[in-house]
Structures are given as C-alpha cells and as structure tokens.
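Dear colleague,

Please find below the structure that I am handing over to you, followed by an account of what was found in it.

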Amino acid sequence: MTLVGIIANPASGKDIRRLVAHGSVFDNIEKVNIVRRILLGLESTGVDKVLYMPDYFDIVPRALENVHLKMSVEPLNMRCEGTQEDSTLAAKLLEEEGAKCFVILGGDGTNRAVAKGSISVPFMSVSTGTNNIFPCMVEGTIAGMAAGYVATGAVSVEDATFPTKRIDIMIDGKVVDIALVDVALYDDIFLGSKAIWDMNRVKELVLTQAKPSNIGLSSIGGMVIQWPIPQDKGLHVILGSSDSEEGFIVTAPVAPGLIKPVRVLEFKSISIGDEICFDMSPAVIALDGEREVELHPGKKASVRLSGSGPRVVDIERTMWLAVQRGRMTNHGK
C-alpha cells in the first residue's frame with residue numbers, strides 16, 4: 001500500500017509580521033482549497049492511502065467535502081495541542097506508519113518542526129507561511145502529483161529529490177534544536193513574540209543558504225556573496241550596530257516589505273561539520289526567523305553545520321521524469 005502523509009499547519013501565515021512588517025495573511029480556507037487539489041493530485045498517481053495530522057480547523061476534513069476519492073484518507077491517532085510539537089509528533093508517527101512522502105503546508109518554521117520528527121521521508125513542501133525559503137510556491141495539484149510519483153516509486157527518491165543541510169544548535173555541547181535555513185544570535189533575554197525585526201539586536205548569523213532573492217535573514221548573506229553557497233558549505237556573518245563605522249552596510253529584505261540597512265562586520269564560508277561558538281549570554285537564539293532558544297547566563301552555545309537535512313522533492317524534475325517514463329501517456333487504451 002502506498003501511503004502519503006499530509007501535515008497542514010493551521011497557524012502558518014498569521015504571525016506578528018503582519019503588524020511589524022507587511023506579510024500577507026494566509027487564511028485556512030485557502031489551505032483547505034490547496035489540500036483538496038493536493039488530494040486529487042495524489043489520487044491521480046495511484047496513491048492508496050493518506051494519513052493526515054488532525055488540527056483545530058479540520059483542514060483535511062473540509063477539503064474532503066464535495067469530492068469523491070477512491071483512496072483512503074484518515075487522521076493520525078494523535079492528540080493535537082495547537083503547537084509546533086504537533087507537526088513534530090505527526091512526522092514521527094507517519095514515518096512509523098510507512099509514509100513514502102510528506103506533503104507539508106507551512107513556512108520555514110513548520111518544515112523545521114517536521115524535520116525534528118523525521119528526515120528519512122522526502123518532503124514535498126508547499127509554501128503557506130511567512131518566511132518561505134525552504135518551502136516553495138507551487139499549485140496544489142502539481143504538488144500532489146509530484147508527491148504521488150515519488151511515493152508510488154514512479155520516480156525514485158534518488159532521482160526526484162535533492163539533499164538539504166541543517167544547523168544543529170548546542171547548549172553546553174548537547175544538541176537542543178535544529179534550523180533549516182538560518183540561525184541568529186539575538187541580543188535579548190525573552191522569546192517574546194518570536195519574530196525578528198530589530199536588526200540592531202542581531203549579532204551573528206549562521207546560514208545554510210544565502211541568496212539576494214530570499215526574504216528574511218538569509219537575504220543578508222545573499223548581499224555579501226556573489227555566488228550561491230555550495231551544498232557542502234554554509235556562511236557565518238557577524239553584524240554590527242547601525243551607528244558603528246566599522247565594516248560595510250548592505251540593504252536587505254529582512255521581512256516582507258521590511259527592507260533594512262544592515263551593518264556587516266565580517267563574513268566567512270564554513271564547511272559541513274564546522275562549529276561556531278557564540279560568546280554572548282544571556283541571549284536568545286532565533287531559528288529560521290523565530291526566537292526559540294533562551295541562552296541563560298553561564299551557558300555555552302554553539303552551532304554546527306550538518307549535511308543531514310531532509311530530502312526535498314524537485315517538482316519540475318519529478319514531473320519531467322514522470323512524462324519520460326510514460327506515466328501520463330495512455331496510448332489510446
């Protein structure tokens with residue numbers, strides 16, 4: 001039986017950056033519409049069963065209204081608390097159930113939460129959040145079809161997906177969390193509303209990728225390098241305050257519609273396995289754009305670049321390979 005898991009985050013696309021920046025609201029009705037198209041795409045490829053993370057808005061049950069599917073669609077046997085741990089638990093349970101692909105609706109934070117639960121199952125990441133570097137904008141029908149071709153084996157995981165990196169966050173030498181795109185050392189003592197918009201408080205960045213076309217903190221890295229970061233490399237950036245005269249200033253889109261001057265003191269390439277130590281405490285460490293880890297006085301924090309991120313479905317390549325292998329051709333039968 002071919003099984004696909006759906007993890008749709010009802011909270012993505014609604015954080016404080018709608019107030020402090022200009023992020024658009026991604027409502028749950030639109031997520032319902034996207035999931036409906038994903039389900040139809042999955043069924044067209046021969047997927048037998050879908051298990052989904054239940055949520056307070058009933059995204060998948062609403063998507064099933066007024067559609068008639070032959071494949072089985074059932075909720076995971078889990079209790080949801082309305083936190084990011086729901087996505088982590090759902091990923092663990094779906095891996096145990098034998099899911100061949102995850103379809104994830106959310107932003108960088110949602111994908112990070114899923115990766116904390118499983119990195120062995122390929123990700124089909126559909127962007128519905130704020131900082132959308134890891135997931136991509138894709139029509140739901142195509143996302144469902146691409147995930148289905150991977151899950152059914154019509155296109156192999158090796159051919160259909162690409163590897164990603166992650167950053168391990170360590171306190172006193174013990175891994176306590178991960179990030180998929182960026183880690184920021186933030187000069188504060190409270191997590192607060194989590195989102196980052198005061199760049200004077202950001203002291204250091206460690207990035208798995210950096211592009212000038214990105215939105216969020218990784219765009220800063222994209223402004224100081226001239227070529228994309230290779231798969232086996234990352235970037236470490238040290239920042240200064242806006243009133244300093246050291247280093248140089250870049251202008252970066254640090255949040256939707258929020259384009260800020262940022263003073264860069266130093267930057268350097270890092271390799272897989274390299275560890276960067278943070279010398280400030282107390283402080284807060286932000287992961288993929290959100291404050292997540294409180295660094296208490298006397299604690300030692302470091303981050304390490306790892307090549308063990310999840311594999312992600314390459315949608316265009318998967319669809320081309322499906323065509324080449326005759327998955328969309330009937331020949332009059």
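I begin with E316, which is placed in helix 9, the run of residues 315-324. Please bear in mind throughout that this is a predicted model. E316 is exposed, as its relative accessible area is 57% and the threshold for that class is over 50%. In sequence E316 and I142 are separated by 174 residues, yet in space their C-alpha atoms are 9.4 Å apart.

Domains and the pocket between them

The protein chain is divided into two parts: domain 1 (3-160 + 314-325) and domain 2 (165-309). From the C-alpha centre of domain 1 to that of domain 2 the distance is 27 Å.

Where does the second largest pocket lie with respect to domain 1 and domain 2? Both domains contribute residues to its lining, and therefore the pocket lies between them. It holds about 540 Å³ of space. Its lining is made up of 23 residues, and those nearest the centre of the pocket are I133, F162, T164, Q209 and K211. Sorted by class, the lining comprises 13 nonpolar, 8 polar and 2 charged residues.

Buried positions

L207 belongs to strand 10, which covers residues 202-207. Its relative accessible area is 0%, so L207 is buried. Beyond its neighbours up to four places away in sequence, L207 touches I167, V181, D182, L217, S218, G221, G234 and L235. The C-alpha atom of L207 is also 9.3 Å from that of I270, a residue 63 places away along the chain.

N9 sits in the loop that joins strand 1 (3-8) to helix 1 (17-20). Is N9 buried or exposed? N9 counts as buried because its relative accessibility is 17%, and the class is defined as under 20%. Once neighbours within four places in sequence are set aside, the contacts of N9 are K31, I59, L105 and T110.

One of those contacts, T110, is itself among the buried residues of helix 5. This helix spans residues 108-117 and is mostly covered, with 8 of its 10 residues buried. The buried set consists of D108, T110, N111, R112, A113, V114, A115 and G117.

A partly exposed strand residue

E74 is located in strand 3, residues 72-75. With a relative accessibility of 35%, E74 counts as partly exposed. Apart from neighbours within four places in sequence, E74 is in contact with K49, V50, L51 and Y52. Strand 2 is the run 49-52, so these contacts of E74 bear the numbers of that strand. E74 and L305, by contrast, are 37 Å apart from C-alpha to C-alpha, with their positions 231 residues apart in sequence.

Cysteines

How many disulfides does a search of the whole structure find? The search returns 0. C136, for its part, is in no disulfide, since the nearest cysteine sulfur, that of C101, is 12 Å away, whereas a disulfide requires a pair of sulfur atoms within 2.5 Å. C136 is partly exposed, its relative accessible area being 29%.

Backbone geometry

Most residues other than glycine have a negative phi, and most peptide bonds are trans. Three places in this model are worth noting in that respect.

D58 is not a glycine, but its phi is positive, at about 55°. D58 lies in the loop between strand 2 (49-52) and helix 3 (59-63). Its relative accessibility of 39% makes D58 partly exposed.

D172 also has a positive phi, near 50°, and is likewise a residue other than glycine. The loop that holds D172 runs between strand 7 (166-171) and strand 8 (174-179). D172 is partly exposed, at a relative accessible area of 43%.

Which form does the peptide bond from S281 to P282 take? This bond is cis, with omega near 0°. P282 is found in the loop between strand 14 (275-278) and strand 15 (283-287).

Yours sincerely

Terms used: Residues are numbered from 1 along each chain as its sequence is written. This is a predicted model: local features need pLDDT of at least 70, side-chain atom pairs count only at pLDDT 80 or more; totals for chains, interfaces and linings use all residues. Side-chain values use heavy atoms; hydrogens and water are left out. Buried means under 20% relative accessible area, exposed over 50%, partly exposed in between (1.4 Å probe, protein chains only). Helices (H or I, at least four residues) and strands (E, at least two) are DSSP runs, numbered from the N terminus. Contact means heavy atoms within 4.5 Å. On a 1 Å grid over the protein atoms alone, a cavity is a set of points where a 1.4 Å probe fits but cannot get out, and a pocket is an open set with protein on both sides within 12 Å along at least five of seven lines; lining residues have an atom within 4 Å of a point. Grid points are joined across faces, edges and corners, and a volume is the space filled by probe spheres set on the points. Ala, Val, Leu, Ile, Met, Phe, Trp, Tyr, Cys and Pro count as nonpolar, Asp, Glu, Lys and Arg as charged, and the others, Gly among them, as polar. Domain bounds come from an automatic or database domain assignment.
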